[in-house]
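Me: Hey, can you walk me through this one? I'm new to reading structures, so please keep it simple.

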Amino acid sequence: METSRRALALFLTMSLACLVLSIDPHLHGKNTFPIETRFLEQNYLDQMRQMQGFKASFLQRDSLISSPSPAPAPAPYVSAPAPLVTPRPNVYNVTSYGADPTGKTDSTDAILSAISDALQGPSNGFLITGIVNLGGAQISLEGGNYLISRPLQLLAGRGNLVIHGGTLKASDTFPGDRYLIELSATNKNGAFNHEFVTLRDLLLDSSFRGGGIQVVNSLRTSIDNCYITHFTTYGILVQDGHETYIRNCYLGQRITAGGDPKERDFSGTGIGLMGNDNAVTDVVIFSAATGIMISGQANTISGVHCYNKATGFGGTGIYLKLPGLTQIRIVHSYFDFTGIVAEDPVQLDVVNCFFLGDAFVLLKSIKGLVKGVNIVDNMFAGSGKGIDIVQLDQKNGPFKQIHHVVVDRNNVEGMNLKATVARRAVQGSGTSWTVDFNPILLFPDFVNYVQYTLSTSGRAFPNHALRNVSNNNVLIESDVPVQATVFVLVDQGQTHTS
Ligand SMILES: *[C@@H]1O[C@H](CO)[C@@H](O)[C@H](O)[C@H]1NC(C)=O
Ligand SMILES: *[C@@H]1O[C@H](CO)[C@@H](O)[C@H](O)[C@H]1NC(C)=O
């Protein structure tokens, strides 16, 4: 419920933003309209004029909008004092604060004071309610390697800020339950903690003490081109908030390129998504017990390569812990000896992925519900041990509610094809033909749609009928003996509408 309120507020804010932004560019473009659209153009310009009027009134009211709200933004940083010297770019070099780029001495205090200055530097008004716009201020690590013994926790209520370009390494006294960079300080009055913070071109080494990055209740956070290693908890943990985009990153507990003799001991989780509307794109997770653990809806996973810990050693590529409401799309990803586990999935897409090394998708029953699942157009390759490409874990009880599950059009080498749609033909002479679909159908004893054709080249036109469907076997009978081929299609994905 809270999520939908937030989404509504977000939508309203976005709509106003679009309205304001869309005025000027279109006026400049008016000469490019073809003649036939003159009338429309005039109309359009009138509308634009009206909107400009509206914009003016909106902007005048800007201060009114932000001040009486129940969540006033912190006042001291609204307007920076007029600069006494020539304005300088807002780049905060950590070495200017005494940080040691050789990584020999502890730089925690120096980096924290650079961050503190950046977060209290000149502002350009506000982003979303409660977030001061720092105008793109940059904290530069200047290509250095810094030892830190406490988390770099950012002051809440700040946005439009970049931390980039260097290495942070946890010292051997770093607290094991914290993260090197934390966007976790609580903002006032339930406002988001941060908006549009970019963390890029960073190597984060947790030294087997805690995690890399924690993002809590923040909006539009960008984590780009980061290499995160030696974590014991999460490489990146996202909790609540919206739209953390993690792209082009490499995460691994141990630095390895596969086939590591210690693979059995890998622990921790590459990425934890405990919130909605995030995306992980073009990311490699090269060692961890779990690659990505997801417990928030509407997250998108695309172009991810998991070779974090083989299923055979107890690892999982992506674990979907959202029984009853999943709403996750996993596309164009690569599961390398480690697969996907989904608890009671409801609305899940696994499309255009590559599963290598006997990796498979496991649907795990919690209350026995599976609905709106598409596992289609994937490639599976294995070692010829007869491993099923999609499997059921029914230890907590069987799947009882099965609706619109489509496992089809997957191509398989060296593994056992499973599907919810199957076609077979049987030949024989006599009055009955039985087709056993158990080797291929995913769900046991569950066929709710059958179609068949009886083909015979003899002179007779026998009467024939579908007589029995039970235990995934289909029985066709004819009234007289005949030499025939019977073609049968069954589908477990159909739901009866009557
Ligand atoms: C930060 O470092 C860069 C590169 O060394 C330099 O060009 C810039 O002037 C420095 N900025 C400040 C504010 O010290
Ligand atoms: C269908 O086949 C099953 C298994 O052989 C049998 O137990 C069941 O009684 C049959 N049903 C009908 C309606 O003949």
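Reply: Sure, and let's start with a term: two strands are said to pair if DSSP finds at least two bridges between them. With that in hand, V91 has Q138 in β2 as its bridge partner. Keep in mind that this is a predicted model.

Me: Okay, so how many bridges join β1 to β2, and do they run parallel or antiparallel?

Reply: There are 3 bridges between β1 and β2, and the two strands run parallel.

Me: What about β2 and β5, how many bridges there?

Reply: β2 pairs with β5 over 6 bridges, in the parallel sense. As an example, A137 has L161 in β5 as its bridge partner.

Me: Back to Q138. Where does Q138 lie, and what does Q138 touch?

Reply: Q138 lies in strand β2. Leaving out residues up to four places away in sequence, Q138 touches N90, V91, Y92, V162 and H164. Q138 and I163 are 25 residues apart along the chain, yet their C-alpha atoms are separated by 5.8 Å.

Me: Is Q138 buried or exposed?

Reply: In between: Q138 counts as partly exposed, because it has 17 C-beta neighbours inside 10 Å. To be buried, a residue needs 20 or more.

Me: Let's zoom out. How many helices and strands does the protein have?

Reply: The protein has 5 helices and 31 strands. It is 498 residues in total, and 39% of them count as buried. Of the contacts with a separation of 6 or more, 64% are between residues 24 or more positions apart.

Me: Which residues are buried in α5?

Reply: Those are I111, A114, I115, A118 and L119. They sit on the same side of α5, because they cover an arc of only 130° around the axis.

Me: Why would residues a few places apart in a helix point the same way?

Reply: An α-helix has 3.6 residues a turn, so residues three or four places apart end up pointing the same way.

Me: Neat. What covers the buried residues of α5?

Reply: The cover includes β1, β2, β3, β4 and β5.

Me: And how many residues does α5 have?

Reply: α5 has 12 residues, running from 108 to 119. From first C-alpha to last, α5 reaches 16 Å, close to the 16 Å expected at 1.5 Å a residue.

Me: What does T108 in α5 touch?

Reply: Setting aside neighbours within four places in sequence, T108 is in contact with I148, S149 and R150. T108 and I148 are 40 residues apart along the chain, but their C-alpha atoms are separated by 4.7 Å. T108 is partly exposed, because 18 other C-beta atoms lie within 10 Å.

Me: What about I131, where is its place?

Reply: I131 is in the loop between α5 and β2. I131 is buried, because it has 25 other C-beta atoms within 10 Å. Not counting residues up to four places away in sequence, I131 touches F126, G157, R158, G159, F192, H194 and E195. I131 and G159 are 28 residues apart in sequence and 6.0 Å apart in space, C-alpha to C-alpha.

Me: New topic: what is the phi of N160?

Reply: N160 has a positive phi of about 60°, although it is not a glycine. For background, most residues other than glycine have a negative phi. N160 lies in strand β5, and N160 counts as buried because it has 20 C-beta neighbours inside 10 Å.

Me: And N189, what is its phi, and is N189 buried or exposed?

Reply: N189 also isn't a glycine, and its phi is positive, about 55°. N189 sits in the loop between β6 and β7. N189 counts as exposed, because it has 12 C-beta neighbours inside 10 Å.

Me: Is there a ligand bit too? Which residues surround ligand 1?

Reply: Ligand 1 is surrounded by R88, V91, N93 and S96. By class, that shell has 1 nonpolar, 2 polar and 1 charged residues. V91 came up earlier as well, with Q138 as its bridge partner.

Me: Last one: where is D408 found, and what does D408 touch?

Reply: D408 is in strand β26, which covers residues 401-408. Leaving out residues up to four places away in sequence, D408 touches V376, A419, T420 and V421. D408 and A422 are 14 residues apart in sequence and 8.5 Å apart in space, C-alpha to C-alpha. D408 is partly exposed, because it has 15 other C-beta atoms within 10 Å.

Key
Residues are numbered from 1 along each chain as its sequence is written. Chains are lettered from A and ligands numbered from 1 in the order in which they are written. This is a predicted model: local features need pLDDT of at least 70, side-chain atom pairs count only at pLDDT 80 or more; totals for chains, interfaces and linings use all residues. A residue is near a molecule or strand if its C-beta atom, placed from the backbone, lies within 6 Å of it. Ala, Val, Leu, Ile, Met, Phe, Trp, Tyr, Cys and Pro count as nonpolar, Asp, Glu, Lys and Arg as charged, and the others, Gly among them, as polar. Helices (H or I, at least four residues) and strands (E, at least two) are DSSP runs, numbered from the N terminus. The expected span of a helix is 1.5 Å times one less than its number of residues. The arc is that of the directions from the helix axis to the C-beta atoms. Two residues are in contact if their C-beta atoms, placed from the backbone, lie within 7 Å.
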